[in-house]
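Open the model in your viewer and keep the sequence panel visible. The stops below say what to select and what you will find there.

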Amino acid sequence: MKAVIQRAENASVTVQDDTIGQIDFGLVVLLGVTHEDTTEDAQYLAQKIIHLRIFEDEMQKMNLSLKDVGGSILSISQFTLYGETRKGRRPNFMKAAKPEPANELYKHFNTLLENEGIHVEKGAFGEMMNVQLTNVGPVTLVIDSSDKQ
């Protein structure tokens, strides 16, 4: 399971011109699921993301977590994170999980965040979405559950 996280001053997601999710401050999480991912991968990423110290303290040092600052998450499913581009010019998405198991892990990931007291707004799984955000810093990180120890 792979996540691209972006620190955001604000963010929203629309489907067919309808805003379906919106946050004022926190993180945008683009989440990709591959075939081997399990609920343990979702647990690892959820804990890593909410406790990662990427928000500034009073000394302007990145020492505070999402929980510390009371931020929200805009969670977007993104199978293209597993796009393979080494050969040819068209990405190959064979590493991305099939829709049903990917959606189940995406929902599980969001539930884990909510169970930790995080306000989570969500995109629409499998839909064409427009995501807008103001990236603060900018701060953008990639976290892969295959890197866990």
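Select Phe109 and show everything around it: apart from residues within four places in sequence, Phe109 is in contact with Val29, Leu31, Ala42, Leu45, Ala46, Ile49 and Ser75. Phe109 belongs to helix α3, and at 0% relative accessibility it is buried. Note that this is a predicted model. For a distance to check in the viewer, pick the C-alpha atoms of Phe109 and Tyr44: they are 9.5 Å apart, although 65 residues separate the two along the chain.

**The nonpolar cores**

Next, colour the core to which Phe109 belongs. This largest nonpolar core has 26 residues, and those touching the most other members are Leu27, Val29, Leu45, Ile49, Ile73, Phe109 and Leu113. At least two of its residues come from each of β1, β3, α1 and α3. Which element gives the most to this core? Helix α3 does, with 6 residues.

Now move to Ile49. Not counting residues up to four places away in sequence, Ile49 touches Ala3, Ile5, Leu27, Val29, Leu66, Ile73, Phe109 and Ile143. A second core, separate from this one, has 12 residues, among them Val13, Val15, Val28 and Leu74.

**Strand β3 and its partners**

Select residues 26-32, which make up strand β3. How many of its residues are buried? The count is 7 of 7. Strand β1 (residues 2-15) runs antiparallel to β3 and is joined to it by 7 bridges. To find the register, look at Ala3, which stands opposite Leu31 in β3. Strand β6 (residues 72-77) runs parallel to β3, with 6 bridges between them. Leu31 serves as a marker here too, since it stands opposite Ser77 in β6.

**Ser75**

Stay on β6 and pick Ser75, which lies in that strand. Is Ser75 buried or exposed? It is buried, with a relative accessible area of 0%. Show side chains and you will find a polar contact of 2.7 Å between the side chains of Ser75 and Asn110. Leaving aside neighbours within four places in sequence, the residues in contact with Ser75 are Val29, Tyr106, Phe109, Asn110, Val120, Glu121, Lys122 and Gly123.

**Aromatic pairs**

Display the aromatic rings; the structure holds 3 aromatic pairs. One of them is Phe25 with Phe55, a tilted pair with 5.4 Å from centre to centre and 55 degrees between the planes. Phe25 sits in the loop between β2 (18-23) and β3, whereas Phe55 is in strand β4 (residues 55-56), 30 residues away along the chain. Phe25 is partly exposed, with a relative accessible area of 36%, while Phe55 is buried at 3%.

Another pair is Tyr106 and Phe125, whose ring centres are 6.2 Å apart and whose planes meet at 40 degrees, so this pair is tilted. Tyr106 is in helix α3 and Phe125 in the loop between β7 (120-122) and β8; they are 19 residues apart. Tyr106 is buried, with a relative accessible area of 3%, and Phe125 is partly exposed at 29%.

**Salt bridges**

Finish with the charged side chains. Side chains of opposite charge can pair when their charged atoms come close. The whole structure has 7 salt bridges.

Start with Asp41 and Lys148, a salt bridge in which the closest N and O atoms are 2.7 Å apart. The pair links distant parts of the chain: Asp41 is in helix α1 (residues 39-51), and Lys148 is in the segment after β8 (130-144), 107 residues apart. Asp41 is buried at 8% relative accessibility, whereas Lys148 is partly exposed at 34%.

Go back to helix α3 (residues 99-115) for Glu104 and Lys107, which lie 3 residues apart there, about one turn of the helix. They form a salt bridge, with 3.3 Å between the closest N and O atoms. Glu104 is partly exposed at 44%, and Lys107 is partly exposed at 41%.

The last stop is a network: Glu84, Arg86 and Lys95 are joined by salt bridges that share partners. Within it, Glu84 forms a salt bridge with Arg86, the closest N and O atoms being 2.7 Å apart. Glu84 is partly exposed, with a relative accessible area of 21%, and Arg86 is exposed at 69%.

Note on methods: Residues are numbered from 1 along each chain as its sequence is written. This is a predicted model: local features need pLDDT of at least 70, side-chain atom pairs count only at pLDDT 80 or more; totals for chains, interfaces and linings use all residues. Side-chain values use heavy atoms; hydrogens and water are left out. A salt bridge is a side-chain nitrogen of Lys or Arg within 4 Å of a carboxyl oxygen of Asp or Glu. Helices (H or I, at least four residues) and strands (E, at least two) are DSSP runs, numbered from the N terminus. Buried means under 20% relative accessible area, exposed over 50%, partly exposed in between (1.4 Å probe, protein chains only). Two strands pair if DSSP finds at least two bridges between them. A polar contact is a pair of N or O atoms within 3.5 Å; within protein, one must be able to donate a hydrogen and the other to accept it, and residues adjacent in sequence count only if both atoms are side-chain atoms. Contact means heavy atoms within 4.5 Å. A nonpolar core is a set of buried Ala, Val, Leu, Ile, Met, Phe, Trp, Tyr and Cys residues joined through side-chain atoms within 4.5 Å. Rings of Phe, Tyr and Trp (its six-membered ring) pair if their centres lie within 6.5 Å; planes under 30 degrees apart count as stacked, over 60 as edge-to-face and the rest as tilted.
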